[in-house]
Amino acid sequence: MLKKTILPLLLLLIARVHAQDIHFSQFYNSPQNLNPALSGCFDGDYRIAANHKNQWRTVPVGYKTYSISADAKLPLGLKKDIIGAGIILNNDKSGDAAFITNQLGVSLAYIKRLNADSTSFLSIGVQPNFVSKSFNLNKLTFDNQFSDGTYNANIGSNENFTTRKINYFDLTAGVNFLQKIGKHSSANFGFSYAHFKKQNTSFYSDKSVVTNPKYTAHASLVLGLSDNFEFIPVALYQIQNKNKEIVTGTLARFIFESKPDKLRAFSIGAFMRLKDAFIVDAQLDYNHFKFGLSYDITTSDFKKANSGLGGFELSLVYVMKRFIKVHSNKVICPVFL
């Protein structure tokens with residue numbers, strides 16, 4: 001009985017220490033979670049992204065994370081630059097206590113064209129967020145509620161919770177640089193800073209429990225080796241307090257058909273989250289839709305608890321765009337069509 005009640009709590013605490021914020025293995029398919037400067041920075045006019053991660057189902061404390069976002073280019077009549085705007089909703093549920101984090105954010109980005117042929121862009125974005133954290137006390141049992149080895153729900157927990165729900169406002173900001181290289185290749189580099197103000201998130205009014213600042217750096221390359229094949233290396237570096245996350249890997253993208261109103265492509269790749277997990281990934285492009293499926297294979301010591309079974313992650317991205325014929329001899333980046 002003690003193992004069934006205490007172990008889930010220990011796992012929950014350990015997991016929260018190592019990852020204060022939600023994260024996705026397919027971070028490149030959740031742009032507003034990655035960097036608010038990416039809002040409106042895509043080949044199209046409107047974009048909707050949905051992500052779901054189901055992690056650690058083989059242990060008592062599982063994680064389920066959902067995210068849905070939408071962003072667009074605002075029709076403000078700017079000839080050279082673009083204003084991007086978006087909205088995002090995140091939901092994370094973990095543990096037997098049903099520890100829930102809800103986040104609602106609004107993104108705004110200014111995308112500046114840096115040269116005449118529309119191949120270089122610099123964007124800056126901000127994302128104010130409303131965050132709510134809560135848990136269900138009725139689903140928890142404590143050592144003080146055991147008498148002679150038997151659990152008694154009528155015995156008080158002797159825990160002095162000052163609240164069961166925490167609400168606060170947060171702010172994330174970021175910058176992003178996009179460089180178009182020839183017809184088939186491009187480079188993207190970005191940086192974001194989350195949690196400008198340390199918010200107390202303790203249910204005991206412990207002032208040492210706060211949201212620590214998070215620094216995120218990300219980079220990706222699209223190397224078009226031919227009209228039908230692309231090589232896409234990506235990298236992510238995040239640091240929050242003493243915790244670090246480093247993800248690096250590559251996708252190979254096979255393009256079967258590419259027209260303004262029709263796209264057929266398939267991508268497959270592998271990534272490594274250093275000292276944590278090996279990730280296998282597959283992506284399918286079908287016209288305006290992109291479907292992503294990945295699986296985390298735990299490589300850290302936590303594999304002793306979950307038998308190496310990390311969890312599945314799904315993503316769906318829908319992009320709608322107007323098809324405009326451009327009569328120009330210059331190279332024009334599609335983000336501005």
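**Exercises on surface and core residues**

Valine 126 lies in strand β5, strands being DSSP runs of E with at least two residues and helices runs of H or I with at least four, numbered from the N terminus. The model is predicted: local features need pLDDT of at least 70, side-chain atom pairs count only at pLDDT 80 or more, and totals for chains, interfaces and linings use all residues. Residues are numbered from 1 along each chain as its sequence is written, and side-chain values use heavy atoms, without hydrogens and water.

**Exercise 1.** Classify valine 126 by its relative accessibility.

*Solution.* Step one: take the classes, which are buried under 20% relative accessible area, exposed over 50% and partly exposed in between (1.4 Å probe, protein chains only). Step two: valine 126 has 38% relative accessibility, so it counts as partly exposed.

**Exercise 2.** Locate asparagine 29 and describe its surroundings.

*Solution.* Step one: asparagine 29 sits in the loop between α1 (2-18) and α2 (31-34). Step two: its relative accessible area is 3%, so asparagine 29 is buried. Step three: beyond neighbours within four places in sequence, its contacts (heavy atoms within 4.5 Å) include Ala49, Gln283 and Ser315.

**Exercise 3.** State which strand gives the most to the largest nonpolar core.

*Solution.* Step one: a nonpolar core is a set of buried Ala, Val, Leu, Ile, Met, Phe, Trp, Tyr and Cys residues joined through side-chain atoms within 4.5 Å. Step two: the largest has 10 residues, among them Phe27, Leu34 and Leu236. Step three: β11 (229-240) and β12 (243-259) each supply at least two residues of this core, and β11 gives the most, with 3 residues.
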